Amino acid sequence: MATTVMTSLPQFNGLRPNFSVAPVRSLAAIQPMRRKGKGALGARCGFIGSPTNLIIVTSTTLMLFAGRFGLAPSANRKSTAGLKLEVRDSGLQTGDPAGFTLADTLACGSLGHIIGVGVVLGLKNIGAL
């Protein structure tokens, strides 16, 4: 049930406006805005201690901890076929004693966020969050 709105749009002939008193029908039908309920993609901007925020922070922190202390592969520690970590020289400069580089920080932080989003979506799917 779309309603059309009669408006008078300015008409131009070159740079000079043409003044007409007859209203022009709008090409777009304006429909009233309806507020939709909370959908699957509804964002809640709650306070900083919300369950979603705590899950993302925890998963990112754990992944950064694992990368920094040698529990996950990084630029200076590659994994072998038996999933053992062995030290190698990547050529990246770092001031960290453990050899944690900027690339490691970005990679572990991104993977931590991905894991956190997976946990949040899984918990929302089963109705626990």
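I take a helix to be a DSSP run of H or I with at least four residues, numbered from the N terminus. On that basis I place Ser59 in helix 1, residues 51-68. The model I am reading is a predicted one.

**Entry 1, overall layout.** I counted the elements of the protein chain and found two helices and six strands. Reading along the sequence, I noted the order β-β-β-β-α-β-β-α. I then looked up burial: of the 129 residues in the protein chain, 17% are buried. The exposed area of the protein chain comes to about 10400 Å², and carbon and sulfur atoms supply 65% of that. For contacts between residues at least 6 apart in sequence, I found that 45% join residues at least 24 apart.

**Entry 2, Ser59.** Is Ser59 buried or exposed? Its relative accessibility is 11%, and buried means under 20%, so I list Ser59 as buried. Next I asked what Ser59 touches beyond its neighbours within four places in sequence. The contacts I found are Gly112, Ile115 and Gly116. With Gly116 there is also a polar approach: the side chain of Ser59 comes to 3.4 Å from the backbone nitrogen of Gly116.

**Entry 3, Leu54.** I stayed in helix 1 and looked up Leu54, which is also found there. Leu54 has a relative accessible area of 47%, so I list it as partly exposed. I then checked Leu54 against Gly116: the two are 62 residues apart in sequence, and their C-alpha atoms are 9.3 Å apart in space.

**Entry 4, surface patch.** Which residues form a nonpolar patch on the surface? I found Leu111, Ile114, Ile115 and Val119, with about 330 Å² of accessible area together. Ile115 was already in my notes as a contact of Ser59. I looked up Val119 separately and placed it in helix 2, residues 102-126. Val119 has a relative accessible area of 36%, so I list it as partly exposed.

**Entry 5, nonpolar core.** I looked for the largest nonpolar core and found five residues in it: Met63, Ala66, Ala72, Phe100 and Cys108. I followed Phe100 further. Setting aside its neighbours within four places in sequence, Phe100 is in contact with Leu64, Gly67, Arg68, Thr94, Thr105 and Cys108. Cys108 therefore appears in my notes both as a member of that core and as a contact of Phe100.

Methods. Residues are numbered from 1 along each chain as its sequence is written. This is a predicted model: local features need pLDDT of at least 70, side-chain atom pairs count only at pLDDT 80 or more; totals for chains, interfaces and linings use all residues. Side-chain values use heavy atoms; hydrogens and water are left out. Buried means under 20% relative accessible area, exposed over 50%, partly exposed in between (1.4 Å probe, protein chains only). Contact means heavy atoms within 4.5 Å. Accessible areas come from the Shrake-Rupley method with a 1.4 Å probe; for residues, only the protein chains shown count as cover. A polar contact is a pair of N or O atoms within 3.5 Å; within protein, one must be able to donate a hydrogen and the other to accept it, and residues adjacent in sequence count only if both atoms are side-chain atoms. Patches are made of residues with over 30% relative accessible area and no salt bridge: like charges are joined within 9 Å, nonpolar side chains (Val, Leu, Ile, Met, Phe, Trp, Tyr) within 5 Å. A salt bridge is a side-chain nitrogen of Lys or Arg within 4 Å of a carboxyl oxygen of Asp or Glu. A nonpolar core is a set of buried Ala, Val, Leu, Ile, Met, Phe, Trp, Tyr and Cys residues joined through side-chain atoms within 4.5 Å.
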